[in-house]
Amino acid sequence: MQTKLDIANFPTKIEKMPALSEELQKDIYIKRDDQTGTEFSGNKIRKLEYSLKEALDSGAKVVITCGGIQSNHARATAAAAIKLGLKTILVLRSDTPPVREGNYFLDLLLGADVRIISSADYRERRGEIMREIREESDRKGEKAYIIPEGASNGIGSLGYATAVAEILAQEKETGLCFDTLVVPVGSGGTYAGLYLGNKLYKAGKDVIGFNVCDDADFFRNKSVEIIAESLPYLDNPDVAYGTGDMHIIDGYVGRGYALSRPEELAFLKKIAVADGVIFDPVYTGKALYGLYHEIKKGNLKESNHILFIHTGGLFGLFPKQDEFSL
Ligand SMILES: Cc1ncc(COP(=O)(O)O)c(C=O)c1O
């Protein structure tokens, strides 16, 4: 397996959600990937430990990445890059002059060079825009390395393949045994990595994703592409994979990516009060809401010992605080 950096707080803790478990009559635990580090908290640092290692090995001095204006990945990249002596250029999507809040505020606080582009440009030309920036940087004699959206590519996803080994070691230590892993799906790399790790380490879990944008088919296909890119990094790339056994549940995107419905926000409040854990409205909140409703509907009968990966995103809560009725 490819080597990585070691800059985050791993292994992350596994904790029970007692009130939620009681209500749903299932064992529900969370893996606290929201506690991977304050500045680079969340799931992205697992991927960045691989991507940024490749950046350093390539001799890069600058790292370029992209995302929405409130991208957790962009903020985590900016924070991690500083520790490695790299400059960060962020290409962020916003159709209106962005309000300095949440992750975007932190990007600026961390001194990232932020370039705002429209959603049309982001959709159609973000790759081209990042390549132009790389050329600009190369011309200045500062070699640049591009990390795609969410670090959701072959190298980045290795972070979640190895997270499965971490979970198996924790199961051994604690005597816990999960039949199911649950994760939000935003750009696909976390799901693809967990799916791959589940096969590589023969963990035998049901790996369930809840997509928070696009649809399940889109992410099954994207996961296959990401895994194909991951295989060359493995010592033994002999892994059977395909869309057929990818368990991604659609139906919880709600009003759209990063848009919340009142019932989703009320659910976040209910969970915060009951179990003292805060989830974010864009990713973990929607996925946990999805899990809760699937179980309430009588689905997921085989899943009784569930490990929900809390992938972070808490800075994204603050720009939405006025939407909550508390
Ligand atoms: C907090 C948080 N959770 C989950 C995800 C989804 O992970 P992925 O992009 O790997 O699908 C993201 C990013 O998209 C995120 O920022």
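Which residue in β10 is the bridge partner of I28? That partner is I306, and the pair takes us straight into the sheet. Before going on, note that this is a predicted model, where local features need pLDDT of at least 70, side-chain atom pairs count only at pLDDT 80 or more, and totals for chains, interfaces and linings use all residues. Residues are numbered from 1 along each chain as its sequence is written, and side-chain values use heavy atoms, with hydrogens and water left out.

Five bridges tie β2 (residues 27-31) to β10 (residues 305-309), and the two run parallel. Strands here are DSSP runs of E, at least two residues, and helices are runs of H or I, at least four, numbered from the N terminus; strands pair if DSSP finds at least two bridges between them.

Helix α7 (residues 189-200) packs on the sheet and touches β7, β8, β9 and β10, contact being heavy atoms within 4.5 Å. Its direction makes about 170° with that of β8; axes are lines fitted to C-alpha atoms, for helices over the stretch in contact, and angles run from 0 to 180 degrees between N-to-C directions. Helix α8 (residues 216-230) also packs on the sheet, touching β7, β8 and β9, with its direction at about 150° to that of β9.

As for the sheet as a whole, six strands make an open, mixed arrangement in the order β1-β2-β10-β7-β8-β9. β1 (14-16) and β9 (247-249) are the edge strands, each pairing on one side only. From one strand to the next, the twist averages 30°.
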